[in-house]
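Subject: Structure for you to look at

Hello,

Here is the structure I promised to pass on. Please open it beside this email, and my notes follow below.

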Amino acid sequence: MPRDAADRERRLAYLRADPIAALGRAREGYAIAVEILAGNPEEAPPSLQPRIFSIFALHLDVSKIPRSPLPENDAPYSSPAVDCAFYALMGIRNMMSPPRSRRFVAPIIKIWPSVFQWMVFFDSNADRINIDDRNDVLPTVSHLLFDLTVGDKGSLRKMVNDTPQIMTLVASIWMKENQMDSPSGCAPSAALEGILQDADEDRIEEFIQATGKSVKRIAELALSRLRCSIEAQDMSVLAVTTQINLMTCFTGDEHYDLRRAILRKGCISLFIRAALRLSTLKIDDDNVSCILSLTFIHLQNLMEADHGIPWVQQAVRDGLLDLLYSVCTKLHKFTAQTRDDIILFISDILPRYTVYPSVLLPVCFSMSKLNTPGHQRTINSSPLKKSWCKLHTLTLSRLMVKLKVDRSPVVEFCYHCGKEAPRTELKRCAGCRATLYCSKDCQVVSWKTKHKTECELRERGRQASAEDFLSKEDRMFHQQLCVSDVRRIVDVLRQRAAEEFPDTPLAELGVRVDYTHVPQAYSLFRAKDRDISREATLTDSRVSELLIDGLVDEARLADGRSTLVESVTSVGEYETKLFGVLMKPSLWGPAASSTMCDEPSSRGDELQLGSGEDESAVLRHVPARQEPLSDILARMYPFLLT
């Protein structure tokens with residue numbers, strides 16, 4: 001039965017009054033004496049600590065483990081040896097806690113084989129053992145594993161990880177976590193976190209195999225436990241910390257399938273919910289600020305995992321901007337590094353991905369809902385002010401391009417003669433299904449002169465695009481955005497061309513826009529010198545549009561009638577995608593102008609929110625201007641509300 005405070009005081013008084021007698025009784029196998037020592041080892045004089053450890057080691061001798069399996073009956077199993085062994089495990093766990101842990105490194109290594117065998121016994125028979133503290137059996141085993149592996153434990157951590165069948169034990173305990181009561185219910189996850197720290201792919205695969213469950217089922221279990229820890233009425237910061245740290249082990253680069261399954265099951269949404277709830281607590285608390293900092297770091301890594309785009313979109317739609325707003329006035333309570341990491345969401349990650357409408361529209365929708373005088377005052381008084389203002393202006397500018405594209409008819413060009421016409425009026429090549437012609441005559445001439453050698457490559461390029469992770473809408477909009485951005489700075493590009501390529505005609509120059517930098521970076525190149533093959537192989541989908549479609553060759557043969565524009569975008573933490581488009585007519589022609597379209601602006605680094613002035617340029621391109629921008633976006637793009 002549970003021990004009350006009075007009972008604890010009586011036990012402590014007994015230990016303090018005659019510690020030698022208490023040790024003697026414990027050595028003789030009196031479970032109550034072993035329990036007293038296990039729960040309060042620090043109460044004994046320091047000179048007696050080694051003797052206490054030796055008593056625990058005595059009761060954990062492997063020869064005392066009952067024969068397995070236990071008798072087959074419904075009666076709970078009990079024996080003095082099992083009781084003493086359990087309390088001995090508890091005592092060793094308490095003695096391994098800092099600052100005494102270093103003192104007992106050598107002794108624990110010596111008895112570890114026996115300790116491990118007892119752990120296996122308790123795991124296999126936890127539901128049969130009749131101990132007053134039976135609910136603490138598996139948590140005690142889990143906590144001891146955690147204490148031996150987490151942090152800089154050196155030889156202890158290596159000892160545990162090198163133990164045969166250790167992963168089988170940890171996996172078995174972890175699968176039973178839902179059966180444990182709070183507050184020790186997350187102990188198995190803590191133990192697993194300790195084992196999986198710095199684990200490679202083989203180690204994680206070993207864990208998966210040991211559970212006997214599918215990757216999908218493991219992802220569901222892990223996420224359900226994180227969800228329960230977040231939704232608990234009396235949320236435990238320790239429990240949330242444990243589950244988030246374990247999720248980090250599961251979602252590293254070491255095991256693609258497990259990370260992918262966890263991402264698809266909504267890990268990012270739960271991380272944001274956890275951070276939102278933690279942000280309501282006192283951030284002055286070191287534990288709260290620490291786990292919030294870790295959550296933001298993990299969130300950044302997850303958002304740019306794999307191809308990045310769907311996870312960035314998910315983060316925004318699940319409340320990333322609301323989260324950043326909720327902590328913006330509390331940033332001074334974090335370390336300088338954490339502040340920089342939080343600001344990075346606004347200053348770098350989101351700007352790089354708003355080149356895709358699947359991210360741009362949710363960002364605009366979220367920011368427009370935060371467009372009130374109250375939000376203005378809060379943001380302008382926070383360290384997020386400058387970055388938030390720049391993102392706000394950038395997204396509205398790109399939204400205008402999106403609205404114009406959506407309201408304009410789709411116009412294409414004849415591949416042979418360059419005639420402009422609506423896509424519905426052009427004929428498509430039956431072979432590659434990618435090349436358009438205005439007439440049968442143009443198709444015949446093109447086939448004889450150049451398309452015969454290109455058709456198969458274009459078909460491969462079309463298939464690569466179909467299999468790509470980018471949606472058709474993302475792809476088409478980005479090309480329009482790239483053209484729009486280049487046209488706006490044509491005068492700057494002309495000046496740069498005169499400085500960098502004084503002997504090269506403008507008609508022979510192409511433009512490269514690097515959207516992996518914020519703000520985007522522009523550069524020029526000679527089209528005739530462009531060699532895409534140096535950047536990737538023919539089958540690499542990142543350059544399929546340029547390499548396979550032959551845009552480089554087209555630009556060389558265009559005789560100044562078109563300009564090759566390349567763009568590089570982010571598609572994950574370590575990946576980029578290379579796009580290409582031929583601008584017709586040429587960027588350098590007389591029709592080109594650097595006159596910029598109506599564009600939202602900010603006044604210095606201050607947000608002009610609430611007044612509507614910053615959104616007026618956008619609203620000129622949509623009907624019903626009296627509506628808030630968030631309502632207009634929701635009406636035009638209903639998916640934002642799902």
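**Helix packing**

In helix 4, Gln-49, Ile-52, Phe-53, Phe-56 and His-59 meet Cys-84, Ala-85, Ala-88, Gly-91, Ile-92 and Met-95 of helix 5; contact here means heavy atoms within 4.5 Å. By class, this contact has eight nonpolar, three polar and no charged residues (Ala, Val, Leu, Ile, Met, Phe, Trp, Tyr, Cys and Pro count as nonpolar, Asp, Glu, Lys and Arg as charged, and the others, Gly among them, as polar).

Before going on, a word on the source: this is a predicted model, in which local features need pLDDT of at least 70 and side-chain atom pairs count only at pLDDT 80 or more, while totals for chains, interfaces and linings use all residues. Residues are numbered from 1 along each chain as its sequence is written, and side-chain values use heavy atoms, with hydrogens and water left out.

Helix 4 covers residues 49-59 and helix 5 residues 80-95 (helices, H or I, have at least four residues and strands, E, at least two; both are DSSP runs numbered from the N terminus). Their axes come within 8 Å and cross at roughly 140 degrees (axes are lines fitted to C-alpha atoms, for helices over the stretch in contact, and angles run from 0 to 180 degrees between N-to-C directions). Helix 4 and helix 5 are therefore oblique to each other (under 35 degrees is roughly parallel, over 145 roughly antiparallel, 65 to 115 roughly perpendicular, and the rest oblique).

Helix 5 also packs with helix 6 (residues 105-125), at an angle of about 125 degrees and with the axes 11 Å apart. Among the residues that meet are Phe-86 and Leu-89 in helix 5, and Trp-118 and Phe-122 in helix 6. This contact divides into 12 nonpolar, no polar and no charged residues.

**A pocket and a cis bond**

The second largest pocket holds about 460 Å³ of space (a pocket is an open set of points on a 1 Å grid over the protein atoms alone, where a 1.4 Å probe fits, with protein on both sides within 12 Å along at least five of seven lines; lining residues have an atom within 4 Å of a point). Of its 24 lining residues, the closest to the centre are Lys-390, Leu-394, Val-518, Pro-519 and Gln-520. Helix 22 (385-407) gives the largest share of the lining, eight residues. The lining divides into 11 nonpolar, six polar and seven charged residues.

Val-518 and Pro-519 are joined by a cis peptide bond, with omega about -5 degrees. Pro-519 sits in the loop between strand 5 (509-514) and strand 6 (521-526).

Best wishes

Notes
Points joined across faces, edges and corners; volume = space filled by probe spheres on them.
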